[in-house]
Amino acid sequence: MSEVYYSDYLQLDKILSAQEPESIKAGLRADDEMLFIIIHQTYELWFKQILFELEIVRSIFGQSGINDNSPDIIISVHRLKRIASIFMLAVDQINIIETMTPLDFLDFRNLLRPASGFQSIQFKIIEATLGLKYEHRFAQEYYISMLKPADVQKVKEAESLPSIVTLIKQWLERMPFFEQSELWQKYMAVHTNTSSEHTFWNDYRKLYDSSLVDAEKSNLQHFDELFMENMPYPENRSFSRKANRSILFIMLYRDYPLMQLPFQLLNTLLDIDELISTWRYRHVNMVHRMIGTRIGTGGSSGKDYLRSALDKHYIFKEIAELTSFLIERRNLPVLTPELQHILGYSDINKSNVVN
């Protein structure tokens, strides 16, 4: 085996020679352009790592069945938490670029036209891989208009593959608790049920209704639409009613050992959404501070475009929305001993919660 040398292994000759300021080419002095380039190159390296992690998660959830007794879910949660940590770093990195003043930026800004961070193919692919649909994007006509044809094709290919949202939905739909009637026989024996709905959801609806103050009573209709089989399901939602039931059940009973990893997975998806939103928010404020009301170098409306994208581009908002339907732990329906036993450690080898 040949010896590995540090700079050769990291290909530092390529990396450290990849900064070519336009101001130097133009014979101008703009000392902060080097910082600007390195910051954005660093972002793109982190985006590459995020895509690498997402492919691992997608390969796991793309399986026809996930073995609960394998490391699959643990690996997925670990990878998603790493993605969240990277986005946290991306937010903090804005502190560095904000050491550049607006006048420093003007020294080289016009030399960048029409290049723009809007042309980051990797970030668009990250959004598509996570599950941001084209029809949910702000300013769709502008979305790919500035890209080279080869890059447009890359983005469209990413959009054609199953997203994390789609794969997580399918995984949640396979949670079999409510199809296993034997787990609910003792529960049904002490709870009156005169409707065709599952007894648990009838009872939970009553408990949820009693937890609402008068100003919140309209939430009950939305609860019925999302959870009750006798109601029409709203159109254009990414998650199905069956997936919604699984999400809420995981949130409600997360303290049981078998629910902890599914809960961590869902919670980490919300962390990622929040961190991307925070990154956008910091970007909006930075752009406003740097260029005021001027248009972006790529021709966008600058901060106004960024703010509109911030408001619209939440990917896992349907998961976050379901927290509206939680009730206090002390009021939760008491599960049957059989179901509690399955959710504990003792029967983990026999259980098949999400497969």
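**A walk through an all-helix model, loop by loop and helix by helix**

Let me start with Gln 11, which sits in the loop between helix H1, residues 6-9, and helix H2, residues 12-16. Please keep in mind throughout that what you have in front of you is a predicted model. Gln 11 has a positive phi of about 50°, although it is not a glycine, and I mention this because most residues other than glycine have a negative phi. As for its surroundings, Gln 11 is partly exposed, since its relative accessible area is 40%.

There is another residue of this kind further along the chain, Asn 236, which also is not a glycine and has a positive phi, here of about 65°. Asn 236 belongs to the loop between helix H13, residues 219-227, and H14, and with a relative accessible area of 70% it counts as exposed.

While we are on the backbone, let me add one peptide bond. Most peptide bonds are trans. The bond from Arg 113 to Pro 114, however, is cis, with omega near 0°, and Pro 114 is placed in the loop between helix H6, residues 102-106, and H7.

Now let me step back to the chain as a whole. Its secondary structure comes to 18 helices and zero strands. Of the 355 residues in the chain, 46% are buried, and the chain exposes about 19000 Å², of which carbon and sulfur atoms supply 54%. If we take the contacts between residues at least 6 apart in sequence, 73% of them join residues at least 24 apart.

So which helices could serve as an example of packing? Two packed helices are described by the angle between their axes and the distance between the axes. For helix H4, residues 33-61, and helix H10, residues 164-173, that angle is about 30° and the axes are 10 Å apart, and the crossing of the two is left-handed. On the H4 side the contact is made by Leu 54, Val 57, Arg 58 and Phe 61, and on the H10 side by Ile 164, Leu 167, Ile 168 and Trp 171. Sorted by character, the residues of this contact come out as seven nonpolar, no polar and one charged.

How many of the ten residues of H10 are buried? Seven of them are, and H10 is thus described as mostly covered; the buried ones are Ile 164, Val 165, Leu 167, Ile 168, Lys 169, Trp 171 and Leu 172. What covers these buried residues includes H4, which we have just met, together with helix H5, residues 72-97, helix H7, residues 121-130, helix H14, residues 241-252, and helix H15, residues 257-291.

Let me stay with H4 and H5 a little longer, at the level of single residues. Gln 93 lies in helix H5, and at 8% relative accessibility it counts as buried. Leaving aside its neighbours within four places in sequence, Gln 93 is in contact with Ile 39, Thr 42, Tyr 43 and Trp 46. One of these partners, Thr 42, is found in helix H4 and, at 25% relative accessibility, counts as partly exposed. Thr 42 is also 9.2 Å from Ala 90, C-alpha to C-alpha, although the two are 48 residues apart in sequence.

My last topic is the aromatic residues. A search of the whole structure finds 26 aromatic pairs. In one of them, Phe 227 and Phe 325 have ring centres 5.5 Å apart and planes at 80°, so the pair is edge-to-face. Phe 227 lies in helix H13, while Phe 325 is in the loop between helix H17, residues 317-321, and helix H18, residues 337-343, so this pair ties together parts that are 98 residues apart in sequence. Both Phe 227 and Phe 325 are buried, and ring pairs link them into a cluster with Phe 178, Phe 200, Trp 201, Tyr 204, Tyr 208, Phe 223, Phe 249, Tyr 253 and Tyr 256.

Phe 227 also brings us to a polar residue, Asn 244, in helix H14. With its neighbours within four places in sequence left aside, Asn 244 is in contact with Leu 226, Phe 227, Tyr 233, Phe 239 and Leu 322. Is Asn 244 buried or exposed? Its relative accessible area is 0%, and therefore it is buried. With that I will stop.

How values were computed. Residues are numbered from 1 along each chain as its sequence is written. This is a predicted model: local features need pLDDT of at least 70, side-chain atom pairs count only at pLDDT 80 or more; totals for chains, interfaces and linings use all residues. Side-chain values use heavy atoms; hydrogens and water are left out. Axes are lines fitted to C-alpha atoms, for helices over the stretch in contact, and angles run from 0 to 180 degrees between N-to-C directions. Helices (H or I, at least four residues) and strands (E, at least two) are DSSP runs, numbered from the N terminus. A crossing is left-handed if the near helix is turned anticlockwise from the far one by less than a right angle, and right-handed if clockwise. Contact means heavy atoms within 4.5 Å. Ala, Val, Leu, Ile, Met, Phe, Trp, Tyr, Cys and Pro count as nonpolar, Asp, Glu, Lys and Arg as charged, and the others, Gly among them, as polar. Buried means under 20% relative accessible area, exposed over 50%, partly exposed in between (1.4 Å probe, protein chains only). Accessible areas come from the Shrake-Rupley method with a 1.4 Å probe; for residues, only the protein chains shown count as cover. Rings of Phe, Tyr and Trp (its six-membered ring) pair if their centres lie within 6.5 Å; planes under 30 degrees apart count as stacked, over 60 as edge-to-face and the rest as tilted.
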